[in-house]
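Colleague: I've got this one open on my screen. Could you walk me through it?

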Amino acid sequence: MSIDMGAIKAVRKEADCLFTKAEIDAAIKKIATEITNDLADKNPIVFCVMNGGLIFAGQLLPLLDFPLEISYLHATRYKKETTGGELFWKAKPEVSFIDRDIIIIDDILDEGNTLAAIIQYCQHAGANAVYTTVLLDKEHDRKAIPGFSANYTGLTCPDRFVFGFGMDYKGYWRNAPGIFAVKGL
Ligand SMILES: O=P(O)(O)OC[C@H]1O[C@H](OP(=O)(O)OP(=O)(O)O)[C@H](O)[C@@H]1O
Ligand SMILES: Nc1nc2[nH]cnc2c(=O)[nH]1
(Lines give C-alpha, C1' and ligand atoms only; values in the text may rest on other atoms or scores of the structure.)
(Ligands and ions follow the chains in the order given, each with its own letter.)
Protein backbone atom coordinates (compact mmCIF):
# COMPACT_ATOMS: atom_id res chain seq x y z
CA MET A 1 0.00 0.00 0.00
CA SER A 2 1.49 3.37 -0.96
CA ILE A 3 1.47 6.18 1.58
CA ASP A 4 0.17 9.62 0.63
CA MET A 5 2.94 11.72 2.16
CA GLY A 6 1.13 14.90 1.18
CA ALA A 7 -1.78 13.86 3.39
CA ILE A 8 0.57 12.94 6.25
CA LYS A 9 2.23 16.38 6.04
CA ALA A 10 -1.17 18.11 5.85
CA VAL A 11 -2.31 16.41 9.07
CA ARG A 12 0.66 17.91 10.95
CA LYS A 13 0.16 21.34 9.38
CA GLU A 14 -3.57 21.53 10.07
CA ALA A 15 -3.54 19.97 13.57
CA ASP A 16 -4.46 21.86 16.74
CA CYS A 17 -1.65 22.08 19.31
CA LEU A 18 -3.09 20.90 22.64
CA PHE A 19 0.16 21.03 24.64
CA THR A 20 3.49 22.68 23.85
CA LYS A 21 6.84 21.04 24.57
CA ALA A 22 7.30 23.39 27.56
CA GLU A 23 3.96 22.29 29.05
CA ILE A 24 4.87 18.64 28.52
CA ASP A 25 8.32 19.11 30.08
CA ALA A 26 6.71 20.65 33.17
CA ALA A 27 4.22 17.76 33.44
CA ILE A 28 7.02 15.19 33.17
CA LYS A 29 9.05 16.97 35.88
CA LYS A 30 6.02 16.88 38.20
CA ILE A 31 5.54 13.15 37.62
CA ALA A 32 9.25 12.54 38.26
CA THR A 33 9.02 14.31 41.61
CA GLU A 34 5.93 12.33 42.62
CA ILE A 35 7.41 8.98 41.60
CA THR A 36 10.70 9.78 43.33
CA ASN A 37 8.88 10.70 46.54
CA ASP A 38 6.80 7.51 46.48
CA LEU A 39 8.97 4.81 44.92
CA ALA A 40 12.67 5.67 45.32
CA ASP A 41 13.24 2.83 47.81
CA LYS A 42 11.30 0.15 45.91
CA ASN A 43 14.07 -1.12 43.59
CA PRO A 44 11.52 -1.17 40.74
CA ILE A 45 11.67 -2.59 37.23
CA VAL A 46 10.44 0.16 34.91
CA PHE A 47 8.79 -0.97 31.68
CA CYS A 48 8.41 1.26 28.65
CA VAL A 49 5.35 0.26 26.61
CA MET A 50 6.57 0.37 23.01
CA ASN A 51 6.17 2.17 20.74
CA GLY A 52 4.16 5.05 22.15
CA GLY A 53 5.87 5.18 25.56
CA LEU A 54 9.33 5.66 24.05
CA ILE A 55 9.63 9.46 24.11
CA PHE A 56 7.93 9.91 27.49
CA ALA A 57 10.10 7.17 29.03
CA GLY A 58 13.22 8.70 27.48
CA GLN A 59 12.49 12.05 29.12
CA LEU A 60 11.19 10.72 32.44
CA LEU A 61 13.84 8.13 33.27
CA PRO A 62 16.84 10.51 33.56
CA LEU A 63 14.79 12.48 36.12
CA LEU A 64 14.39 9.39 38.32
CA ASP A 65 17.72 9.55 40.15
CA PHE A 66 17.41 6.36 42.22
CA PRO A 67 18.25 2.67 41.64
CA LEU A 68 15.96 1.00 39.10
CA GLU A 69 16.08 -1.46 36.22
CA ILE A 70 14.72 -0.70 32.75
CA SER A 71 12.94 -3.03 30.36
CA TYR A 72 10.24 -2.83 27.70
CA LEU A 73 7.17 -4.60 26.44
CA HIS A 74 5.17 -4.12 23.29
CA ALA A 75 1.41 -4.46 23.27
CA THR A 76 -0.67 -2.77 20.60
CA ARG A 77 -4.37 -2.33 20.01
CA TYR A 78 -4.46 0.40 17.38
CA LYS A 79 -1.77 -0.70 14.89
CA LYS A 80 -1.92 2.15 12.36
CA GLU A 81 -5.63 2.88 12.88
CA THR A 82 -7.37 5.62 14.83
CA THR A 83 -9.73 3.22 16.62
CA GLY A 84 -8.67 0.34 18.88
CA GLY A 85 -9.11 -3.40 18.30
CA GLU A 86 -7.89 -6.61 19.98
CA LEU A 87 -4.79 -6.31 22.17
CA PHE A 88 -1.86 -7.95 20.40
CA TRP A 89 1.39 -8.72 22.25
CA LYS A 90 4.34 -8.02 19.97
CA ALA A 91 6.88 -8.55 22.77
CA LYS A 92 6.14 -9.97 26.20
CA PRO A 93 8.58 -9.13 29.00
CA GLU A 94 11.31 -11.70 29.60
CA VAL A 95 12.46 -10.68 33.10
CA SER A 96 11.11 -12.20 36.33
CA PHE A 97 8.32 -10.23 38.03
CA ILE A 98 8.29 -12.35 41.17
CA ASP A 99 8.01 -10.10 44.24
CA ARG A 100 9.17 -7.05 42.25
CA ASP A 101 7.64 -3.60 42.20
CA ILE A 102 6.83 -2.64 38.61
CA ILE A 103 6.38 0.78 37.02
CA ILE A 104 4.68 0.85 33.62
CA ILE A 105 5.31 3.91 31.41
CA ASP A 106 2.93 4.56 28.51
CA ASP A 107 2.04 7.59 26.44
CA ILE A 108 -1.76 7.64 26.68
CA LEU A 109 -4.62 6.13 28.60
CA ASP A 110 -7.57 6.27 26.24
CA GLU A 111 -10.13 3.50 26.82
CA GLY A 112 -7.64 1.83 29.16
CA ASN A 113 -7.79 -1.67 27.71
CA THR A 114 -4.06 -1.70 27.02
CA LEU A 115 -2.99 -0.59 30.48
CA ALA A 116 -5.55 -2.81 32.23
CA ALA A 117 -4.27 -5.86 30.32
CA ILE A 118 -0.65 -5.01 31.11
CA ILE A 119 -1.41 -4.58 34.83
CA GLN A 120 -3.21 -7.93 34.87
CA TYR A 121 -0.26 -9.57 33.09
CA CYS A 122 2.20 -8.22 35.69
CA GLN A 123 0.01 -9.32 38.58
CA HIS A 124 -0.37 -12.85 37.16
CA ALA A 125 3.41 -12.96 36.67
CA GLY A 126 3.92 -12.47 40.42
CA ALA A 127 4.63 -8.74 40.81
CA ASN A 128 4.50 -7.38 44.36
CA ALA A 129 2.94 -4.10 43.18
CA VAL A 130 2.24 -2.47 39.82
CA TYR A 131 2.36 1.31 39.38
CA THR A 132 1.44 3.08 36.15
CA THR A 133 2.26 6.44 34.64
CA VAL A 134 0.89 7.98 31.46
CA LEU A 135 1.75 11.30 29.86
CA LEU A 136 -1.84 11.84 28.76
CA ASP A 137 -5.31 10.73 29.92
CA LYS A 138 -8.16 11.22 27.46
CA GLU A 139 -11.41 12.51 28.97
CA HIS A 140 -14.55 10.55 28.02
CA ASP A 141 -16.93 8.01 29.53
CA ARG A 142 -15.73 4.96 27.55
CA LYS A 143 -13.07 3.70 30.00
CA ALA A 144 -12.82 -0.11 30.02
CA ILE A 145 -13.14 0.08 33.80
CA PRO A 146 -15.23 3.09 34.91
CA GLY A 147 -13.04 5.64 36.69
CA PHE A 148 -9.83 3.86 35.66
CA SER A 149 -6.75 6.10 35.76
CA ALA A 150 -2.98 5.73 36.04
CA ASN A 151 -1.21 6.26 39.36
CA TYR A 152 0.69 9.20 37.84
CA THR A 153 -0.87 11.25 35.01
CA GLY A 154 0.84 14.15 33.28
CA LEU A 155 -1.94 15.91 31.37
CA THR A 156 -5.57 15.36 30.43
CA CYS A 157 -6.86 15.98 26.92
CA PRO A 158 -10.24 16.22 25.21
CA ASP A 159 -11.77 13.28 23.36
CA ARG A 160 -9.90 13.72 20.08
CA PHE A 161 -7.30 11.64 18.21
CA VAL A 162 -3.91 12.98 19.20
CA PHE A 163 -0.34 12.56 18.00
CA GLY A 164 3.15 13.70 18.92
CA PHE A 165 5.53 12.98 21.78
CA GLY A 166 5.42 9.24 21.04
CA MET A 167 1.86 9.01 19.74
CA ASP A 168 1.42 8.33 16.04
CA TYR A 169 -0.89 9.28 13.24
CA LYS A 170 -0.88 6.29 10.85
CA GLY A 171 2.66 5.43 11.95
CA TYR A 172 3.96 9.01 11.56
CA TRP A 173 4.55 12.06 13.75
CA ARG A 174 5.58 10.26 16.97
CA ASN A 175 8.48 12.74 16.74
CA ALA A 176 6.25 15.85 16.71
CA PRO A 177 7.51 18.14 19.52
CA GLY A 178 4.19 18.69 21.28
CA ILE A 179 0.78 17.03 21.56
CA PHE A 180 -1.52 17.74 18.63
CA ALA A 181 -5.11 16.82 17.76
CA VAL A 182 -5.91 15.77 14.20
CA LYS A 183 -8.25 18.24 12.50
CA GLY A 184 -11.78 16.79 12.44
CA LEU A 185 -10.95 13.81 14.70
O1 LIG B 1 -6.20 3.03 26.41
P2 LIG B 1 -6.29 2.33 25.09
O3 LIG B 1 -7.56 2.66 24.36
O4 LIG B 1 -6.06 0.85 25.22
O5 LIG B 1 -5.15 2.94 24.17
C6 LIG B 1 -3.89 3.29 24.67
C7 LIG B 1 -2.81 2.58 23.91
O8 LIG B 1 -2.90 2.90 22.51
C9 LIG B 1 -1.62 3.25 22.04
O10 LIG B 1 -0.92 2.13 21.64
P11 LIG B 1 -1.08 1.49 20.19
O12 LIG B 1 -1.94 0.27 20.26
O13 LIG B 1 -1.49 2.56 19.21
O14 LIG B 1 0.40 1.03 19.89
P15 LIG B 1 1.69 1.96 19.74
O16 LIG B 1 2.13 2.31 21.14
O17 LIG B 1 2.70 1.10 19.05
O18 LIG B 1 1.30 3.18 18.95
C19 LIG B 1 -0.94 3.86 23.25
O20 LIG B 1 0.48 3.78 23.13
C21 LIG B 1 -1.45 3.04 24.39
O22 LIG B 1 -0.63 1.91 24.66
N1 LIG C 1 -1.73 8.13 18.54
C2 LIG C 1 -2.74 7.83 19.34
N3 LIG C 1 -2.81 6.62 19.88
C4 LIG C 1 -3.87 6.37 20.67
N5 LIG C 1 -4.19 5.24 21.32
C6 LIG C 1 -5.33 5.48 21.96
N7 LIG C 1 -5.78 6.73 21.74
C8 LIG C 1 -4.87 7.30 20.94
C9 LIG C 1 -4.77 8.60 20.36
O10 LIG C 1 -5.60 9.52 20.53
N11 LIG C 1 -3.69 8.80 19.57
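Modeller: Sure, and bear in mind this is a predicted model. A good place to begin is helix H2 (residues 21-39), which lies across E5, strand E6 (129-138) and E7.

Colleague: At about what angle does H2 run to E7?

Modeller: H2 lies across E5, E6 and E7. Taking the direction of H2 against that of E7, the angle is about 155°.

Colleague: And which strands does H4 touch?

Modeller: H4 packs on the sheet too, and its direction makes about 170° with that of E5. The strands it touches are E2 (45-50), E3, E5 and E6.

Colleague: Which are the edge strands of that sheet?

Modeller: The sheet is open, with six strands in mixed pairing, and the order is E4-E3-E2-E5-E6-E7. An edge strand pairs on one side only, and that picks out strand E4 (88-91) and strand E7 (152-157).

Colleague: Do E3 and E4 run parallel or antiparallel?

Modeller: Three bridges join E3 (residues 69-76) to E4. Threonine 76 stands opposite phenylalanine 88 in E4. The two strands run antiparallel.

Colleague: On to the ligands: which element gives the most to the shell around ligand 1?

Modeller: There are 18 residues around ligand 1, and among those that come nearest are Asp110 and Thr114. Strand E5 (101-109) and helix H4 (113-124) each give two or more residues to that shell. With four residues, the top contributor is E5.

Colleague: How many residues around ligand 2 are nonpolar?

Modeller: The residues surrounding ligand 2 include Tyr78, Phe161, Val162 and Asp168. No polar residues are in that shell, and two are charged. The nonpolar count is six.

Definitions and conventions: Residues numbered from 1 in each chain as written. Chains lettered and ligands numbered in written order. Predicted model: local features only at pLDDT ≥ 70, side-chain atom pairs only at ≥ 80, totals over all residues. Near = placed C-beta within 6 Å. Nonpolar A, V, L, I, M, F, W, Y, C, P; charged D, E, K, R; others polar. Pairing = 2+ DSSP bridges. Contact = placed C-beta atoms within 7 Å. Axes fitted to C-alpha atoms, helices over the stretch in contact; angles between N-to-C directions.
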